[in-house]
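This report covers salt bridges and one helix packing contact. The structure is shown first.

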Amino acid sequence: MSKFLGAATVLSLLFLSPSAHAWWDMGHMTVAAVAYHQLTPSARARAASLLRLNPDFDKWVRSVPADQQDRVAFIHAATWADDIKRRDDYERGSIAHDGAEASANIGYADHRVHDYWHFVDLPFSPDGTPGASPQAPNALTQIEAFRKALASDANDDVKSYDLVWLLHLVGDVHQPLHATTRFSRALPKGDRGGNNETICLAFTCGAKLHAYWDGLLGDRGGPSDADTLAAALPTPDATAAAIDDPARWVSESERLAEQFVYAGPIVDGVGPFALTDAYQADAHRVAQQQVALAGARLARLISMALR
Ligand SMILES: [Zn+2]
(Lines give C-alpha, C1' and ligand atoms only; values in the text may rest on other atoms or scores of the structure.)
Protein backbone atom coordinates (compact mmCIF):
# COMPACT_ATOMS: atom_id res chain seq x y z
CA MET A 1 0.00 0.00 0.00
CA SER A 2 2.83 2.37 0.78
CA LYS A 3 3.67 2.48 -2.89
CA PHE A 4 0.25 4.00 -3.57
CA LEU A 5 -0.18 6.28 -0.64
CA GLY A 6 2.35 7.97 1.58
CA ALA A 7 1.97 8.06 5.34
CA ALA A 8 1.46 11.82 5.26
CA THR A 9 -1.44 11.43 2.83
CA VAL A 10 -3.04 8.80 5.04
CA LEU A 11 -2.73 11.11 8.02
CA SER A 12 -4.21 14.10 6.26
CA LEU A 13 -7.09 12.02 4.92
CA LEU A 14 -7.92 10.59 8.32
CA PHE A 15 -8.35 14.03 9.77
CA LEU A 16 -9.93 15.76 6.78
CA SER A 17 -12.58 13.15 6.14
CA PRO A 18 -15.94 14.45 7.39
CA SER A 19 -17.12 11.11 8.75
CA ALA A 20 -16.59 7.43 8.28
CA HIS A 21 -18.56 5.70 5.56
CA ALA A 22 -16.80 2.38 4.98
CA TRP A 23 -13.98 2.17 2.49
CA TRP A 24 -13.62 5.70 1.29
CA ASP A 25 -14.32 6.32 -2.37
CA MET A 26 -11.10 4.74 -3.60
CA GLY A 27 -11.80 1.46 -1.80
CA HIS A 28 -15.31 1.25 -3.24
CA MET A 29 -14.15 2.18 -6.74
CA THR A 30 -11.40 -0.43 -6.57
CA VAL A 31 -13.92 -3.15 -5.63
CA ALA A 32 -15.96 -2.14 -8.70
CA ALA A 33 -12.86 -1.98 -10.93
CA VAL A 34 -11.95 -5.55 -9.91
CA ALA A 35 -15.52 -6.70 -10.56
CA TYR A 36 -15.90 -4.98 -13.95
CA HIS A 37 -13.13 -7.02 -15.55
CA GLN A 38 -14.56 -10.30 -14.23
CA LEU A 39 -18.19 -9.84 -15.37
CA THR A 40 -19.61 -12.03 -18.10
CA PRO A 41 -19.99 -10.05 -21.37
CA SER A 42 -23.79 -10.20 -21.21
CA ALA A 43 -23.93 -9.04 -17.58
CA ARG A 44 -21.49 -6.23 -18.38
CA ALA A 45 -23.71 -5.01 -21.22
CA ARG A 46 -26.89 -5.25 -19.12
CA ALA A 47 -25.24 -3.47 -16.18
CA ALA A 48 -24.10 -0.68 -18.54
CA SER A 49 -27.63 -0.08 -19.78
CA LEU A 50 -29.03 -0.08 -16.22
CA LEU A 51 -26.42 2.40 -14.96
CA ARG A 52 -27.47 4.90 -17.65
CA LEU A 53 -30.70 5.33 -15.63
CA ASN A 54 -28.85 6.69 -12.58
CA PRO A 55 -29.46 10.45 -12.18
CA ASP A 56 -25.68 11.02 -11.91
CA PHE A 57 -24.75 9.11 -15.06
CA ASP A 58 -24.02 12.23 -17.14
CA LYS A 59 -21.79 13.59 -14.39
CA TRP A 60 -19.88 10.31 -14.12
CA VAL A 61 -19.01 10.22 -17.82
CA ARG A 62 -18.50 13.91 -18.55
CA SER A 63 -15.43 14.27 -20.86
CA VAL A 64 -14.99 10.48 -20.94
CA PRO A 65 -14.51 8.94 -24.43
CA ALA A 66 -17.56 6.95 -25.56
CA ASP A 67 -15.77 3.59 -25.50
CA GLN A 68 -14.73 4.12 -21.86
CA GLN A 69 -18.05 5.36 -20.49
CA ASP A 70 -19.50 2.00 -19.42
CA ARG A 71 -16.42 1.09 -17.38
CA VAL A 72 -16.07 4.54 -15.82
CA ALA A 73 -19.77 4.68 -14.89
CA PHE A 74 -19.59 1.21 -13.31
CA ILE A 75 -16.65 2.26 -11.14
CA HIS A 76 -18.18 5.64 -10.18
CA ALA A 77 -21.52 4.01 -9.33
CA ALA A 78 -19.92 2.21 -6.37
CA THR A 79 -19.74 5.52 -4.46
CA TRP A 80 -23.26 6.76 -5.19
CA ALA A 81 -24.69 5.38 -1.91
CA ASP A 82 -22.19 7.61 -0.07
CA ASP A 83 -22.60 10.57 -2.46
CA ILE A 84 -26.30 10.97 -1.61
CA LYS A 85 -25.39 11.56 2.06
CA ARG A 86 -24.14 15.01 1.03
CA ARG A 87 -27.21 16.00 -1.01
CA ASP A 88 -29.80 18.48 0.20
CA ASP A 89 -32.55 16.59 -1.61
CA TYR A 90 -31.85 13.36 0.30
CA GLU A 91 -33.13 12.85 3.83
CA ARG A 92 -31.18 11.19 6.65
CA GLY A 93 -33.14 9.18 9.18
CA SER A 94 -32.82 6.26 11.56
CA ILE A 95 -34.62 2.95 11.09
CA ALA A 96 -37.23 4.10 13.61
CA HIS A 97 -37.64 7.47 11.88
CA ASP A 98 -37.98 5.96 8.41
CA GLY A 99 -40.46 3.33 9.65
CA ALA A 100 -41.90 1.13 6.94
CA GLU A 101 -39.89 3.10 4.36
CA ALA A 102 -36.64 1.83 5.90
CA SER A 103 -36.89 -1.32 3.76
CA ALA A 104 -38.34 0.37 0.68
CA ASN A 105 -37.13 -0.78 -2.73
CA ILE A 106 -38.83 1.65 -5.08
CA GLY A 107 -35.93 2.86 -7.23
CA TYR A 108 -34.69 6.42 -7.63
CA ALA A 109 -37.93 7.95 -6.33
CA ASP A 110 -36.57 7.02 -2.87
CA HIS A 111 -34.77 10.09 -1.50
CA ARG A 112 -33.77 8.53 1.80
CA VAL A 113 -30.09 8.14 2.60
CA HIS A 114 -30.55 4.80 4.45
CA ASP A 115 -27.35 5.09 6.51
CA TYR A 116 -28.28 1.84 8.29
CA TRP A 117 -27.99 -0.15 5.03
CA HIS A 118 -24.20 0.29 5.07
CA PHE A 119 -23.32 -2.14 7.85
CA VAL A 120 -24.43 -5.15 9.86
CA ASP A 121 -22.86 -5.20 13.28
CA LEU A 122 -22.45 -8.73 14.60
CA PRO A 123 -21.67 -8.51 18.30
CA PHE A 124 -18.20 -9.52 19.46
CA SER A 125 -16.87 -9.53 23.02
CA PRO A 126 -13.35 -10.37 24.15
CA ASP A 127 -14.44 -10.59 27.81
CA GLY A 128 -17.93 -12.07 27.87
CA THR A 129 -19.81 -8.75 27.98
CA PRO A 130 -23.26 -9.43 26.51
CA GLY A 131 -23.81 -7.89 23.07
CA ALA A 132 -26.84 -6.83 21.07
CA SER A 133 -27.97 -8.41 17.82
CA PRO A 134 -27.78 -6.30 14.66
CA GLN A 135 -30.82 -4.21 13.77
CA ALA A 136 -32.64 -4.75 10.50
CA PRO A 137 -32.72 -3.64 7.75
CA ASN A 138 -28.96 -3.75 7.40
CA ALA A 139 -26.29 -4.44 4.79
CA LEU A 140 -27.02 -8.15 4.81
CA THR A 141 -30.80 -7.89 4.44
CA GLN A 142 -30.34 -5.36 1.62
CA ILE A 143 -27.74 -7.36 -0.33
CA GLU A 144 -30.17 -10.29 -0.27
CA ALA A 145 -33.14 -8.12 -1.26
CA PHE A 146 -31.33 -6.29 -4.07
CA ARG A 147 -29.79 -9.45 -5.48
CA LYS A 148 -33.21 -11.07 -5.63
CA ALA A 149 -34.78 -8.00 -7.23
CA LEU A 150 -32.00 -7.76 -9.83
CA ALA A 151 -32.82 -11.28 -11.03
CA SER A 152 -36.61 -10.68 -10.90
CA ASP A 153 -39.03 -8.97 -13.30
CA ALA A 154 -38.80 -5.67 -11.38
CA ASN A 155 -38.66 -2.61 -13.63
CA ASP A 156 -35.34 -1.22 -14.85
CA ASP A 157 -35.49 1.85 -12.60
CA VAL A 158 -35.59 -0.39 -9.52
CA LYS A 159 -32.93 -2.72 -10.96
CA SER A 160 -30.62 0.21 -11.67
CA TYR A 161 -31.03 1.49 -8.11
CA ASP A 162 -30.45 -2.01 -6.71
CA LEU A 163 -27.36 -2.56 -8.86
CA VAL A 164 -25.85 0.74 -7.69
CA TRP A 165 -26.47 -0.21 -4.06
CA LEU A 166 -25.00 -3.69 -4.56
CA LEU A 167 -21.86 -2.17 -6.10
CA HIS A 168 -21.44 -0.32 -2.80
CA LEU A 169 -22.70 -2.74 -0.14
CA VAL A 170 -20.69 -5.77 -1.23
CA GLY A 171 -17.65 -3.58 -0.62
CA ASP A 172 -18.95 -2.37 2.73
CA VAL A 173 -19.46 -5.82 4.25
CA HIS A 174 -15.88 -6.75 3.38
CA GLN A 175 -14.62 -3.94 5.66
CA PRO A 176 -14.30 -5.79 9.00
CA LEU A 177 -15.63 -2.81 10.99
CA HIS A 178 -18.83 -2.78 8.91
CA ALA A 179 -19.58 -6.29 10.15
CA THR A 180 -19.01 -6.05 13.88
CA THR A 181 -19.33 -4.05 17.08
CA ARG A 182 -17.16 -4.79 20.10
CA PHE A 183 -18.88 -5.07 23.49
CA SER A 184 -16.50 -4.98 26.45
CA ARG A 185 -16.31 -4.02 30.13
CA ALA A 186 -15.19 -0.49 29.21
CA LEU A 187 -17.72 -0.20 26.36
CA PRO A 188 -20.74 -2.24 27.51
CA LYS A 189 -23.02 -0.53 24.97
CA GLY A 190 -20.67 -1.38 22.10
CA ASP A 191 -18.04 0.61 20.23
CA ARG A 192 -20.21 1.42 17.17
CA GLY A 193 -17.96 -0.51 14.82
CA GLY A 194 -14.73 1.08 16.00
CA ASN A 195 -16.13 4.62 16.02
CA ASN A 196 -15.54 5.05 19.78
CA GLU A 197 -11.81 4.22 19.79
CA THR A 198 -9.16 6.65 18.58
CA ILE A 199 -5.67 5.88 17.34
CA CYS A 200 -2.28 7.53 16.99
CA LEU A 201 -0.25 7.33 13.80
CA ALA A 202 3.30 8.60 14.08
CA PHE A 203 2.90 11.60 16.44
CA THR A 204 -0.70 12.47 15.56
CA CYS A 205 -3.60 11.16 17.64
CA GLY A 206 -7.34 11.48 17.37
CA ALA A 207 -8.46 9.64 14.24
CA LYS A 208 -11.14 7.03 14.78
CA LEU A 209 -10.19 3.37 14.51
CA HIS A 210 -13.11 2.96 12.08
CA ALA A 211 -11.83 5.75 9.83
CA TYR A 212 -8.33 4.25 9.80
CA TRP A 213 -9.75 1.00 8.40
CA ASP A 214 -12.04 2.81 5.93
CA GLY A 215 -9.08 4.74 4.55
CA LEU A 216 -6.67 1.87 3.93
CA LEU A 217 -7.19 2.02 0.16
CA GLY A 218 -6.88 5.81 0.08
CA ASP A 219 -9.29 8.48 -1.08
CA ARG A 220 -7.61 10.38 -3.87
CA GLY A 221 -8.09 9.78 -7.55
CA GLY A 222 -10.71 8.58 -9.98
CA PRO A 223 -11.69 5.46 -11.90
CA SER A 224 -8.36 5.09 -13.70
CA ASP A 225 -6.52 5.18 -10.36
CA ALA A 226 -8.95 2.54 -9.09
CA ASP A 227 -8.12 0.41 -12.14
CA THR A 228 -4.41 0.75 -11.38
CA LEU A 229 -4.96 -0.22 -7.74
CA ALA A 230 -7.17 -3.14 -8.77
CA ALA A 231 -4.51 -4.50 -11.10
CA ALA A 232 -1.95 -4.54 -8.27
CA LEU A 233 -4.12 -6.45 -5.76
CA PRO A 234 -3.37 -10.05 -4.84
CA THR A 235 -5.49 -12.67 -6.62
CA PRO A 236 -7.96 -14.07 -4.09
CA ASP A 237 -8.21 -17.76 -3.37
CA ALA A 238 -10.62 -19.28 -5.93
CA THR A 239 -12.59 -21.23 -3.33
CA ALA A 240 -13.08 -18.13 -1.20
CA ALA A 241 -14.05 -16.06 -4.25
CA ALA A 242 -16.73 -18.64 -5.13
CA ILE A 243 -18.53 -18.28 -1.76
CA ASP A 244 -21.80 -16.62 -2.75
CA ASP A 245 -23.61 -16.49 0.61
CA PRO A 246 -23.45 -12.90 1.91
CA ALA A 247 -24.00 -14.16 5.48
CA ARG A 248 -20.65 -15.96 5.19
CA TRP A 249 -18.96 -12.79 3.89
CA VAL A 250 -20.20 -10.99 6.99
CA SER A 251 -19.11 -13.67 9.45
CA GLU A 252 -15.67 -13.79 7.78
CA SER A 253 -15.36 -10.02 8.22
CA GLU A 254 -16.35 -10.32 11.87
CA ARG A 255 -13.63 -12.93 12.43
CA LEU A 256 -11.08 -10.70 10.68
CA ALA A 257 -12.08 -7.89 13.03
CA GLU A 258 -11.44 -10.10 16.06
CA GLN A 259 -8.08 -11.18 14.67
CA PHE A 260 -6.68 -8.02 13.09
CA VAL A 261 -8.75 -4.97 14.10
CA TYR A 262 -9.02 -5.67 17.82
CA ALA A 263 -5.44 -6.89 18.02
CA GLY A 264 -2.68 -5.34 20.11
CA PRO A 265 -2.08 -2.47 20.62
CA ILE A 266 -5.90 -2.14 20.58
CA VAL A 267 -7.12 -3.22 24.01
CA ASP A 268 -10.31 -2.51 25.95
CA GLY A 269 -11.26 1.17 26.21
CA VAL A 270 -11.36 4.11 23.83
CA GLY A 271 -7.62 4.76 23.52
CA PRO A 272 -5.92 6.57 21.96
CA PHE A 273 -3.95 3.53 20.83
CA ALA A 274 -0.62 4.02 19.03
CA LEU A 275 -0.68 1.67 16.03
CA THR A 276 2.50 -0.33 15.60
CA ASP A 277 4.18 -1.01 12.26
CA ALA A 278 3.17 -4.66 12.59
CA TYR A 279 -0.50 -3.74 13.16
CA GLN A 280 -0.48 -1.44 10.14
CA ALA A 281 1.21 -4.00 7.89
CA ASP A 282 -1.48 -6.55 8.79
CA ALA A 283 -4.22 -3.96 8.29
CA HIS A 284 -3.01 -3.08 4.77
CA ARG A 285 -2.69 -6.74 3.84
CA VAL A 286 -6.19 -7.57 5.15
CA ALA A 287 -7.71 -4.54 3.40
CA GLN A 288 -6.16 -5.41 0.03
CA GLN A 289 -7.19 -9.04 0.35
CA GLN A 290 -10.76 -8.04 1.27
CA VAL A 291 -11.13 -5.55 -1.58
CA ALA A 292 -9.90 -8.15 -4.10
CA LEU A 293 -12.29 -10.74 -2.66
CA ALA A 294 -15.22 -8.30 -2.62
CA GLY A 295 -14.61 -7.48 -6.30
CA ALA A 296 -14.50 -11.13 -7.33
CA ARG A 297 -17.66 -11.95 -5.38
CA LEU A 298 -19.46 -8.87 -6.70
CA ALA A 299 -18.67 -9.93 -10.28
CA ARG A 300 -20.11 -13.38 -9.67
CA LEU A 301 -23.23 -11.99 -7.96
CA ILE A 302 -23.96 -9.55 -10.81
CA SER A 303 -23.15 -12.09 -13.52
CA MET A 304 -25.61 -14.55 -11.95
CA ALA A 305 -28.35 -11.97 -11.36
CA LEU A 306 -28.13 -10.36 -14.83
CA ARG A 307 -27.88 -13.50 -16.91
ZN1 LIG B 1 -21.08 2.39 2.82
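In this predicted model, a search of the whole structure gives 14 salt bridges. Three of the pairs are listed below with their closest N to O distances.

| Acidic residue | Basic residue | N to O distance |
|---|---|---|
| Asp-227 | Arg-71 | 2.2 Å |
| Asp-110 | Arg-112 | 3.9 Å |
| Asp-282 | Arg-285 | 3.3 Å |

Arg-71 belongs to helix 5 and Asp-227 to helix 11, so their salt bridge ties together parts that are 156 residues apart in sequence. Both Arg-71 and Asp-227 are buried.

The salt bridge lies between two helices that pack against each other. Helix 5 (residues 69-77) and helix 11 (residues 223-232) have axes 9 Å apart, at an angle of about 85 degrees. Angles of 65 to 115 degrees count as roughly perpendicular, and helix 5 and helix 11 are therefore roughly perpendicular to each other. On the helix 5 side, Arg-71, Val-72, Ile-75 and His-76 meet Pro-223, Ala-226 and Asp-227 of helix 11. By class, this contact has four nonpolar, one polar and two charged residues.

The other two tabulated pairs have these settings. Asp-110 is buried, at 1% relative accessibility, whereas Arg-112 is partly exposed, with a relative accessible area of 22%. Asp-282 and Arg-285 are three residues apart in helix 14 (residues 277-305), so about one helical turn separates them. Asp-282 is partly exposed at 29% relative accessible area, and Arg-285 is partly exposed at 41%.

Salt bridges also link Asp-56, Lys-59 and Arg-87 in a network.

How values were computed
Residues numbered from 1 in each chain as written. Predicted model: local features only at pLDDT ≥ 70, side-chain atom pairs only at ≥ 80, totals over all residues. Heavy atoms only, no water. Axes fitted to C-alpha atoms, helices over the stretch in contact; angles between N-to-C directions. Helix = DSSP H or I, 4+ residues; strand = E, 2+ residues; numbered from the N terminus. Parallel < 35°, antiparallel > 145°, perpendicular 65-115°, else oblique. Contact = heavy atoms within 4.5 Å. Nonpolar A, V, L, I, M, F, W, Y, C, P; charged D, E, K, R; others polar. Salt bridge = Lys/Arg side-chain N within 4 Å of Asp/Glu carboxyl O. Buried < 20%, exposed > 50% of the residue type's maximum accessible area, 1.4 Å probe, protein only.
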